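User: Please show the model first. I will then ask about it part by part.

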Amino acid sequence: MQTEHAGLKRHLKVRHIRLMALGSTIGVGLFLGSASAIQLAGPSILLGYLLAGIAAFIVLRTLGEMAVHEPVAGSFAAYAHTYVGPLAGYMVGWGYWTYWIVVGIAEVTAVGIYMGIWFPEIPQWIWALSSILMMGLINLIAVKVFGEFEFWFALIKVVAIIAMIALGGSVIFFGFTNDWQPIGLSNLWQHGGFFPNGISGILLSLQMVFFAYVGIEMIGLSAGEAENPQTTIPMAIDSLAWRILIFYMGAIFVILAIFPWNQVGQHGSPFVVMFERLGLREAAGLVNFVVITAALSSCNAGIFSGGRLLYSLSSNGYAPSAFAKLSKYGVPHRAVMSTVVACMSGVVLNYFVPEKAFQYMMAAVTFIGLMVWIAILITQLKFRNSLSKSQVAQLVYRTPWWPYSSWFALAFIALVVVLMGFHEDARIALIVGPCVLGVYLVMFYVARLHRKSAT
């Protein structure tokens, strides 16, 4: 598989990469999906976010080890091809492209839901279509401009979450907006205890928790366009891990401490409701804007990732050669436009089943994302085993506690995939997901037969 993509421009700085990966993760999974997870697990959802965060960190470090050693645009699809085999590279590449298509659909669905709060008379699909077209346009500009857009998109929601945590902390510990009577932490163990629905509650919530985290692996796709990837990638990964834990666990902790867990998420995003109940209705409107920005940011990152994956697949003969064409700005414009067109299927979904669109997409995203994580972990195990002791000693950036950390993450992620079968809304993903992978398997062998007959 090709490892050089000279036409792409290395214009992404470390601040772009940090906020891109953070922005692709802090989306509707936190602002909207967290409510469903809280309803299943109660306050123990904090433990779920911690365990999933540890698994996500391990996946990031294994990917970072390979990305620093060999920074390419195809990232883990290229690594899977090299260290596992051509079929693995093909399946990971197309599977991950599908993943970002579904992410784009999920995010623009969320835009439609939240814009409906302000403009209930406008159909949800109109907002979905407008969002996809706007993000597609941004992605057709030079990568440096895209990086700036994503940087500011992500920064808005990061600042909003920090402000919310600070405000929530002042309510909990100092009684701000509560006549200066501290609320305290009793809501974390009252109303049925820390595990109100038992261990089964937290187990069933894990697929929703992972939905919030999948997307951080896109940091590997930015390696092919990063300035000095040997420095920027490790810096971005190491800072990203603890930032995500703070943002997710900090935000959820504040919400659960202020409100009884069984009242969270009954009337939209828990973040918006929190400000409304504190008497800060204007701030609630601002949070609604932030949630929309968060969804657009994730969609933006998804189109970027999908375009780069199609470009890589095309460069290696696994997709039509037209997708390998670059614009004068070094952007794989045909691959980007095809990704945008594929995302348009979400407009149809929002037209026919607007009330179920988000739940279906959340389950599908989680399944495909976890399959990609499993592929990354297996690829890294193969990669490390292919190196001699002296080569391992020369690795600049290594996975901590290897191989035990990789095996732990693999087992934990496999458990979550199995648990999806016990959740009604997630079960459909276990049917549709393997069918999609089956289609790509057939495509691989058809393409191989075509190449053989051509030679």
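User: Where is Trp401 found?
Analyst: This is a predicted model, in which local features need pLDDT of at least 70, side-chain atom pairs count only at pLDDT 80 or more, and totals for chains, interfaces and linings use all residues. Residues are numbered from 1 along each chain as its sequence is written, and side-chain values use heavy atoms, leaving out hydrogens and water. Helices are DSSP runs (H or I, at least four residues) numbered from the N terminus. By that numbering, Trp401 is found in the loop between helix 16 and helix 17.

User: What is the phi of Trp401 near, and is the residue buried or exposed?
Analyst: Most residues other than glycine have a negative phi. Trp401 is not a glycine, yet its phi is positive, near 60°. Buried means under 20% relative accessible area, exposed over 50%, and partly exposed in between (1.4 Å probe, protein chains only). With a relative accessible area of 65%, Trp401 is exposed.

User: Which peptide bond is cis, with omega near 5°?
Analyst: Most peptide bonds are trans. The exception here leads into Pro403, which is found in the loop between helix 16 (389-393) and helix 17 (404-419). The cis bond runs from Trp402 to Pro403.

User: Where is His191 placed, and what is its relative accessible area?
Analyst: His191 has a positive phi of about 60° although it is not a glycine. Its place is in the loop between helix 8 (143-174) and helix 9 (198-213). His191 is partly exposed, because its relative accessible area is 36%.

User: How many of the 9 residues of helix 5 are buried?
Analyst: Helix 5 covers residues 75-83 and is largely enclosed by the rest of the structure. Its buried residues are Ser75, Phe76, Ala77, Ala78, Tyr79, Ala80 and His81. Just after helix 5, Gly85 takes a positive phi of about 150°. The count of buried residues in helix 5 is 7.

User: Which residue meets Asp238 in a salt bridge?
Analyst: A salt bridge is a side-chain nitrogen of Lys or Arg within 4 Å of a carboxyl oxygen of Asp or Glu, and the structure holds 2 of them. Asp238 lies in helix 10 (residues 229-258) and its partner in helix 4 (residues 45-69), so the pair ties together parts that are 177 residues apart in sequence. Asp238 is partly exposed at 34% relative accessibility, whereas the partner, at 13%, is buried. At 3.4 Å, N to O, the side chain that meets Asp238 is that of Arg61.

User: What is the N to O distance between Glu65 and Arg384?
Analyst: Glu65 is buried, with a relative accessible area of 1%, and Arg384 counts as buried at 8%. The side chains of Glu65 and Arg384 meet in a salt bridge. This pair links distant parts of the chain, with Glu65 in helix 4 and Arg384 in helix 15 (residues 357-385), 319 residues apart. The N to O distance is 2.7 Å.

User: Which helix gives the most to the lining of the second largest cavity?
Analyst: On a 1 Å grid over the protein atoms alone, a cavity is a set of points where a 1.4 Å probe fits but cannot get out, and lining residues have an atom within 4 Å of a point; a volume is the space filled by probe spheres set on the points, which are joined across faces, edges and corners. The structure holds 4 cavities of 30 Å³ or more, and the second largest has about 50 Å³. Gly53, Ala56, Phe57, Leu60, Tyr213, Ile216, Ala241 and Ile244 line the second largest cavity. Helix 4 and helix 10 each supply at least two lining residues, and the most, 4 residues, comes from helix 4.

User: How many residues of the lining of the second largest cavity are nonpolar?
Analyst: Ala, Val, Leu, Ile, Met, Phe, Trp, Tyr, Cys and Pro count as nonpolar, Asp, Glu, Lys and Arg as charged, and the others, Gly among them, as polar. By class, this lining has 1 polar and no charged residues, and its nonpolar residues number 7.

User: How far apart in space are Ala375 and Val59?
Analyst: Ala375 lies in helix 15 and is buried, with a relative accessible area of 17%. In sequence, Ala375 and Val59 are 316 residues apart. In space, C-alpha to C-alpha, the separation is 9.9 Å.

Technical notes. 1 Å grid on protein atoms, 1.4 Å probe; cavity = no way out; pocket = protein on both sides within 12 Å on 5 of 7 lines; lining within 4 Å.
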